[in-house]
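Work through these exercises with the structure open beside you. Try each task before reading its solution.

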Amino acid sequence: MSTDSSDLFGALFEAPAGTRTVPVLVPMPAPKPYSYCVPDGTAVEPGSIVQVPLGPRQVIGVVWDGGEDGVDPKKLRPITHVFDCPPLSKEMREFIDWVAAYTLSPPGLVARMALRAPNAFEPEPMAEGLRFIGGEPVRMTPARARVLDTASDGVSWTRTGLAHAAGVSTSVVDGLITQGLFETIFLPPPPVVAKPDPDFASSRLQGPQKDAAEGILSEVRKGEFSVSLIDGVTGSGKTEVYFEAIAETIRRGKQVLILLPEIALTASFLERFQDRFGAKPAEWHSDLAPRMREKVWRQAVTGEVRVVAGARSALFLPFEDLGLIIIDEEHDPAYKQEDRVYYNARDMAVVRGRIGNFPVVLVSATPSVESQVNGQNGRYSTIHLPTRFGDAALPDLHLVDMRRHAPKRDGFLSPVLIRAIGKTVEKGEQALLFLNRRGYAPLTLCRVCGHRFQCPQCSSWLVEHRFRSQLQCHQCGHSQRTPEACPECGTLDHLVACGPGVERIAEEVERHFPDARTIVLSSDITGGVKRLRLELEAIAKGQADIVIGTQLVAKGHNFPLMTLVGIVDADLGLANGDPRAAERTFQLLSQVTGRAGRTGLKSHGLLQTYQPQHPVMQAIVSGDASAFYEREIAERERASLPPFGRLASIIVSAETRHDAENHARSMRSSAPQVSGISILGPAEAPLALVRGRYRFRLLVHGRRSSDMQAFLRTMLAQAPKERGSVHVQLDIDPQSFL
């Protein structure tokens, strides 16, 4: 595709004529790069980050592969600026093209994820510094003496850094500058983090952990692509094992990327990393300040940052020389992005390792079925850690049959669990109550007329948040004050909360244990990530007796005094049509119960359930994970579900139900007839209305060997074009079926 220099805005961006053309990928949903001419005297190469005119705007783009397209440079608009920044590597460009082709996304939108810090494309400005050049002040004071003594070794300082090191105010330093005792120099910008030292702390691994580390190190030393799966019970030392792989990679002069599923996990992880390497890794996630984001991006691409720990978007950082990727909690659904470009960071990390020819390590106490199968068929090398580090015992797990041990009226905790909490608190230990449901209650209705509070823009009930006196939709964010009267019939004081959320469990705990220190942890906690990290730190220090939380508390945390875990509703995750429901419930409950007894104290887990004979419940309490995986894998294979088959989801949305349904039906009728691929639907999505848009879905099912992407490309080419408010979203390998 070419842009014509004769368009209305061309004169605004005049530059010296060029004699050659290059393709430039711009961060917009175009099917391929645009062609631009290179002004004489301008040097660019594939990967160069440039600024180009696009319509009336100036946008950032990347010079792409493909060479000249034969278009006369005089007919093209010129590149207007080349940023002083290392180009994106050939491996990074291949990775972007691969992700775009696999997910059927415009390559420009994928490239945009690698260009998330536009202010970092030019070098950071030099920092103004000071250097002592000798002499004595007019009047010597103790404060001035400390400054001169600190600066006398000839080392350069920043003004504030020198004041801090000498223990004086900056005005003392300013006085010495005025008297001409210091000269101004310019210093390179400081690194965002110190370089990690692979030998800062010696390894404390022993037994199975030491053997596991040797297995990982052998792959790292080869310096070639491989995928290893560390499969170990909670508290088995998995993190310490992969720290050894990180240390070896740093020794080899390579960079490391550590992916974590939740921002909340990074605080404790950063401390453990610092204990081992003497410095923290650089962070990369959505909560990072823009200025720090720019620094991390720049120093990753120049190689100054050696290790980055971040969320899934960190996968698209253009490292200078990446040599290892770690995916912690590899089973976690948070690695799936479901916005603009739909991708699974775990799977794409494996692709990036293959393209860059370096090892990838997956880590989990409850690996995904896909990773288990890849381990069994030899695609991944599997390393098992069957026991906890330091011989700490796993918690004793028991099912509480809620049909036999029913809670009291208006309660949700069984007498068995309440007694266990009381005994735990009496001993000065901590109890964790887990319920994966935010707010106070998932539904509010009127006792008189039966009116149910529903989101006006979504087909979901409004969740009551009693602490904030709000009803909120967890799909679109709509919120409203909790009314005193029913809006339908006007009756006062007859609104009733149905079902429990974590706030309601906290209220029940307060009734039973009024003197206990209770903390509620949820993703909608006021104060955001900073407050959440403080709460987690308080729990780890023993400043809480009872913790009530959602899945935020399920993984990655080490609470030394936690000896009881109570699952309030173990059946919750099984009550939907998700084909991964059993797997996810098993993973989540295993991770939650694994928070108990990690420091060697005798611990217990109680799971409240109305289905004690369900295979998931039996697998958890028996500790026989292999039997559960064997059964789940067999069922997937019989149904040709991933990893034995392929799935793709198509969501058609529009402002009217009629338009969404008609377009979805037209798409189905446009699908080619291909052996081994079938289409289910269209049908209304379980969430049929989200943000005022009606949603219909098609599910494409194929054999493992099916060329799903070719099928979908043909289907899209033959289907009617999107018109009006109609929007089509493709999701290859869907994780959500809502």
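**Exercise 1. Classify Cys476 by its accessibility, then describe its surroundings.**

Step 1. This is a predicted model, and the relative accessible area of Cys476 in it is 21%. Buried means under 20%, and exposed means over 50%. Cys476 is therefore partly exposed.

Step 2. Locate the residue. Cys476 sits in the loop between strand S21 (470-472) and S22.

Step 3. List the contacts, not counting residues up to four places away in sequence. Cys476 touches Cys455, Gln457, Cys458 and Arg691.

Step 4. Check the record. An unreviewed UniProt entry lists Cys455, Cys458, Cys473 and Cys476 under "binding site". These four are spread over 22 residues of sequence, yet they cluster in space, with a largest C-alpha distance of 8.7 Å.

**Exercise 2. Is Cys458 buried or exposed, and what does it touch?**

Step 1. Cys458 lies in the loop between S19 and S20.

Step 2. Its relative accessibility is 1%, so Cys458 counts as buried.

Step 3. Leave aside neighbours within four places in sequence. Cys458 is then in contact with Cys473, Gln475, Cys476, Leu689, Val690 and Arg691.

**Exercise 3. Find which other cysteines UniProt lists for "binding site", and examine two of them.**

Step 1. The unreviewed entry lists Cys446, Cys449, Cys486 and Cys489. They span 44 residues of sequence but cluster in space: the largest C-alpha distance is 8.7 Å.

Step 2. Take Cys449. It is found in the loop between strand S19 (443-446) and strand S20 (463-465). Its relative accessibility is 37%, so Cys449 counts as partly exposed.

Step 3. Take Cys489. It lies in the loop between strand S22 (479-481) and strand S23 (495-498). At 34% relative accessibility, Cys489 is partly exposed.

Step 4. Compare contact lists, not counting residues up to four places away in sequence. Cys449 touches Cys486, Glu488 and Cys489. Cys489 touches Cys446, Val448 and Cys449.

**Exercise 4. Test the length of helix H18, then work out which residues it buries.**

Step 1. H18 covers residues 657-669, which makes 13 residues. At 1.5 Å a residue, the helix should span 18 Å.

Step 2. The end C-alpha atoms are 19 Å apart, which agrees.

Step 3. Pick out the buried residues of H18. They are Ala660, Glu661, His663, Ala664 and Met667. They cover an arc of only 165° around the axis, so they sit on the same side of H18.

Step 4. Recall the helix geometry. An α-helix has 3.6 residues a turn, so residues three or four places apart point the same way.

Step 5. Turn to the other side of H18. His658 and Ser669 are exposed there.

Step 6. Name the packing partners. The buried residues of H18 pack against strand S28 (645-654), strand S29 (677-690), strand S30 (693-703), helix H19 (708-718) and strand S31 (727-732).

**Exercise 5. Repeat the analysis for helix H3: which residues are buried, and what covers them?**

Step 1. H3 runs over residues 142-151. Its buried residues are Ala143, Arg144, Val147, Leu148, Thr150 and Ala151.

Step 2. Look down the axis of H3. The buried residues fall within an arc of 160°, so they line one face of the helix.

Step 3. Pro142 and Asp149 are exposed on the other side of H3.

Step 4. The cover over the buried residues of H3 includes strand S6 (127-132), helix H4 (159-166), helix H5 (170-178) and strand S7 (182-187).

**Exercise 6. Describe the interface between domain 1 and domain 3.**

Step 1. Set the bounds. Among the domains of the chain are domain 1 (21-115) and domain 3 (207-385).

Step 2. Their C-alpha centres lie 29 Å apart.

Step 3. Count contacts. 19 residues of domain 1 are in contact with 19 residues of domain 3.

Step 4. Take the area. Domain 1 and domain 3 bury about 1700 Å² between them, and 74% of that is on carbon and sulfur atoms. In domain 1, Phe95, Trp98 and Met113 lose the most area to domain 3. Together they make up 34% of what that side buries.

**Exercise 7. Place Val296 and list its contacts.**

Step 1. Val296 lies in helix H9 (residues 290-302). At 1% relative accessibility, Val296 counts as buried.

Step 2. Leave aside neighbours within four places in sequence. Val296 is in contact with Val192, Ala282, Glu283, Trp284 and Leu288.

Notes. Residues numbered from 1 in each chain as written. Predicted model: local features only at pLDDT ≥ 70, side-chain atom pairs only at ≥ 80, totals over all residues. Heavy atoms only, no water. Helix = DSSP H or I, 4+ residues; strand = E, 2+ residues; numbered from the N terminus. Expected span 1.5 Å × (residues − 1). Buried < 20%, exposed > 50% of the residue type's maximum accessible area, 1.4 Å probe, protein only. Arc of directions from axis to C-beta. Contact = heavy atoms within 4.5 Å. UniProt positions renumbered as here; feature names shortened; annotations may be inferred. Domains from an automatic or database assignment. Buried area = accessible area lost by both parts, 1.4 Å probe.
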